[in-house]
Amino acid sequence: MSAAHRAIAPDHGQGTDADALLARLRVDGGVPRHVAIIMDGNGRWARKRALPRPLGHRSGMRAVRAVIEAAIEAGVEWLSLFAFSTENWQRPSSEIDALMSLLEEYVAREADSLRENGVCVRVFGDRARLVESAARAIERVERETAHNTRLFLNLFISYSARAELVRAAQQLATEVAEGRLAPAEIDEAAFAARLFTHGCPDPDLLIRTSGEQRISNFLLWQVAYAELFISPVYWPDFGRRELFDALVSFQQRDRRFGRVSA
Ligand code: IPE
Ligand code: IPE
Ligand code: MG
């Protein structure tokens with residue numbers, strides 16, 4: 001490994017620490033079925049090392065693989081990753097170009113390993129804004145992994161939760177206008193059925209890396225009762241140990257859903 005590569009190699013917590021956490025998860029049970037992650041901090045990770053931001057995104061891409069593998073190991077069934085928001089289109093075009101080509105590279109490069117690991121990939125967001133080659137790579141990986149059931153991986157690219165809600169409202173309005181739906185039939189289930197995530201259980205745990213304490217327009221409807229876990233770690237350094245740490249924290253929560261404790 002060259003010195004330059006070592007400088008950008010992320011520290012994915014390996015070894016006893018992570019294994020001890022995993023053992024604890026297995027004994028105590030109660031692993032969240034659905035984990036959602038706002039993968040934040042690539043830019044600051046790079047800045048701390050005096051590297052250009054795209055190198056932070058590249059290291060972040062490597063963290064994605066580590067976290068998918070760790071999620072499978074822990075028995076998580078659904079993993080939702082926020083990769084690029086609608087608001088991120090307002091970044092400088094050089095950064096957008098770097099991110100888009102990384103996303104395309106990720107999908108193309110990881111397709112085989114995702115398929116072999118039993119991962120079913122789905123991508124949610126405004127696909128019309130993606131370049132054609134990226135859209136095609138996404139369609140391919142979705143098609144090739146559609147039969148898998150070990151881990152359901154939702155990637156949110158060019159995604160905005162508010163836009164998703166508006167889209168659902170438009171669909172409902174159209175169905176009412178066309179006489180296919182009565183206004184009284186619009187309940188929470190009908191609304192949820194028009195979201196990208198229809199059929200997925202709501203996230204049990206929402207993780208945000210890099211210490212920021214905000215939702216940034218991610219899954220606003222779906223996280224109504226998710227447990228929150230803010231990690232101070234920048235995304236490229238978030239790995240197996242950090243994920244297991246979040247899962248152990250989740251196990252200790254008392255989820256009341258508005259009721260009183262048993
Ligand atoms: C997350 O890292 C990746 C995307 C939002 C695309 P950032 O690029 O937001 O990194 P920071 O927050 O500037 O450190
Ligand atoms: C949220 O991170 C979006 C993704 C992680 C893809 P941002 O870095 O865009 O969020 P803000 O700007 O800090 O709220
Ligand atoms: Mg950020």
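How far from an oxygen atom of ligand 2 does a polar side-chain atom of Arg 214 lie? In this predicted model, the two atoms are 2.8 Å apart, and the views below show this contact together with the pockets and the other ligand.

**View 1. Polar contacts between ligand 2 and the side chains of Arg 208, Arg 214 and Ser 216.** The side chain of Arg 214 places a polar atom 2.8 Å from an oxygen atom of ligand 2, and Ser 216 likewise has a polar side-chain atom at 2.6 Å from an oxygen atom of this ligand. For Arg 208, an N or O atom of the side chain is found 3.2 Å from an oxygen atom of ligand 2. On its own, ligand 2 has 390 Å² of accessible area, and the protein covers 79% of that area.

**View 2. The shell of residues around ligand 2.** Besides Arg 208, Arg 214 and Ser 216, the residues around this ligand include Ile 38, Met 39 and Asp 40, as well as Phe 82, Ala 83, Phe 84 and Ser 85. Asn 88 and Arg 91 also belong to this shell. Strand E2, which runs through residues 78-85, supplies the largest share of the shell, namely 4 residues. When the shell is sorted by class, 5 of its residues are nonpolar, 3 are polar and 4 are charged.

**View 3. The largest pocket, with ligand 1 and ligand 2 sitting in it.** This pocket has a volume of about 640 Å³. Its lining is made of 31 residues, of which Met 39, Asn 42, Phe 82, Ala 83 and Phe 84 are the closest to the centre of the pocket. Two or more lining residues come from each of helix H3 (42-48), helix H4 (53-74), strand E2, helix H5 (93-116) and strand E4 (151-159). By class, the lining of the largest pocket consists of 16 nonpolar, 8 polar and 7 charged residues.

**View 4. Polar contacts of ligand 1 with Asp 40, Asn 42 and Arg 44.** Asp 40 and Arg 44 each approach through the side chain: a polar atom of Asp 40 lies 2.8 Å from an oxygen atom of ligand 1, while for a polar side-chain atom of Arg 44 the distance to an oxygen atom of the ligand is 2.7 Å. Asn 42 makes its contact through the backbone, where an N or O atom lies 3.2 Å from an oxygen atom of ligand 1. Ligand 1 exposes 380 Å² when taken alone, and the protein buries 87% of that area.

**View 5. The shell of residues around ligand 1.** There are 13 residues around this ligand, and Asp 40, Gly 43, Arg 44, Arg 53 and Arg 91 come nearest to it. The largest share of this shell, 3 residues, is given by helix H3. By class, the shell around ligand 1 contains 3 nonpolar, 5 polar and 5 charged residues.

**View 6. The second largest pocket and its lining.** This pocket holds about 170 Å³ of space. Among the residues that line it are Glu 188, Ala 192, Leu 195 and Thr 197, together with His 198, Gly 199, Cys 200 and Asp 202. Trp 221, Gln 222 and Ala 224 are also part of the lining of the second largest pocket. Sorted by class, this lining has 5 nonpolar, 4 polar and 2 charged residues.

Notes
Residues numbered from 1 in each chain as written. Chains lettered and ligands numbered in written order. Predicted model: local features only at pLDDT ≥ 70, side-chain atom pairs only at ≥ 80, totals over all residues. Heavy atoms only, no water. Near = heavy atom within 4 Å. Polar contact = N/O pair within 3.5 Å; in protein donor to acceptor, adjacent residues only side chain to side chain. Areas by Shrake-Rupley, 256 points an atom, 1.4 Å probe, with all protein chains shown as cover. 1 Å grid on protein atoms, 1.4 Å probe; cavity = no way out; pocket = protein on both sides within 12 Å on 5 of 7 lines; lining within 4 Å. Sits in = over half its atoms within 2 Å of the grid points. Nonpolar A, V, L, I, M, F, W, Y, C, P; charged D, E, K, R; others polar. Points joined across faces, edges and corners; volume = space filled by probe spheres on them.
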